[in-house]
Amino acid sequence: MPDQILFYLLGGLAVVASVLVIGQRNPIHSVLLLIASFAGLSGLYVLLQAPFVAVIQIIIYAGAIMVLFLFVVMLLNVGREDTDVDEQSPVFVHRVSMRVGALLAGLLVVELVWALASAGTLGGVFGPMSQAPPAVTSVRTIGHALFTDYAFAFEVTSILILVAMVGAVVLARREAK
Amino acid sequence: MVPLSQYLILSAILFVIGTLGVFVRRNLITILLSIEIMLNAVNLTFVAAGRAFGAVDGQIIVFFVMTVAAAEAAVGLAIVIALFRHRESLDPDAFTSLKW
């Protein structure tokens, strides 16, 4: 049962923080709340006996990606959204096109919950995890799989990062007049 | 142990929050943050499924998703900076023309 309570606490933290990320006007608050959401997810990964993922979640997401976001928010120095419509209305009340989008998102949640609920009655892997196979917790096992079975994907990733780095530098560079 | 279905439902909720953010918000930075929420929802699915099947692949794919997310954030934010320089705005509706 302590597992279940922890799950609800951490899941609730992740969901509430994510909703507040969407509901904030100030981008800096959004970024900081997203870090809280990632902390909740990191706790869930520990609960799932995946400590490696939990640690890289904190180091890479909260430590690197979110700092990049924070840096850009401060660089652009935009305190609030600058359109007239946004200033006057609450965050979730908007033009018709956005209502259609919100409706589509609502339909998506209905569909996903329905699909999962109907799969849940099937039992099997969706049943209680007490009969699940032992978890892979060792970083050694993960590293072994990463450098043997997934060696090609790993190398391609390095090219991806190089391309992203060059792309970011080229895009953000000030054009010489 | 918490059943897999509960993790999948939590992941679905997070994914929908991210989708809602992309649709509803009119701020490029918040839209990029919503994309990060969606990527994290998918990560949770991978880890939970990997745990349920006792497989290492779930955690390895999360590793790759995080790498792609980092690359996406770097390029996306560079585009945001370039756009902001041209229009002094973060509203996506301000960038409707391909050339100016």
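Select helix α1 of chain A (residues 2-23) and helix α1 of chain B (residues 4-24); helices here are DSSP runs of H or I with at least four residues, numbered from the N terminus. The two are roughly parallel to each other, because angles under 35 degrees count as such. They pack at an angle of about 5°, with their axes 9 Å apart. Each axis is a line fitted to C-alpha atoms over the stretch in contact, and angles run from 0 to 180 degrees between N-to-C directions.

This is a predicted model, in which local features need pLDDT of at least 70, side-chain atom pairs count only at pLDDT 80 or more, and totals for chains and interfaces use all residues. Residues are numbered from 1 along each chain, chains are lettered from A in the order in which they are written, and side-chain values use heavy atoms, without hydrogens and water.

Next, show the side chains between the helices. On α1(A), the residues that meet α1(B) include F7(A), Y8(A) and V15(A); on α1(B), they include Y7(B), L10(B) and I17(B). Contact means heavy atoms within 4.5 Å.

Now select both chains whole. The contact takes 84 residues from chain A and 71 residues from chain B. Together the chains bury about 7,200 Å², 77% of it on carbon and sulfur atoms; this is the accessible area (1.4 Å probe) lost on being put together, summed over both. How many salt bridges join chain A and chain B? The count is 0, where a salt bridge needs a side-chain nitrogen of Lys or Arg within 4 Å of a carboxyl oxygen of Asp or Glu.

Finally, select α3 (51-76) of chain A. α3(A) gives the most to the side of chain A that touches chain B, with 13 residues.

Technical notes:
Parallel < 35°, antiparallel > 145°, perpendicular 65-115°, else oblique. Buried area = accessible area lost by both parts, 1.4 Å probe.
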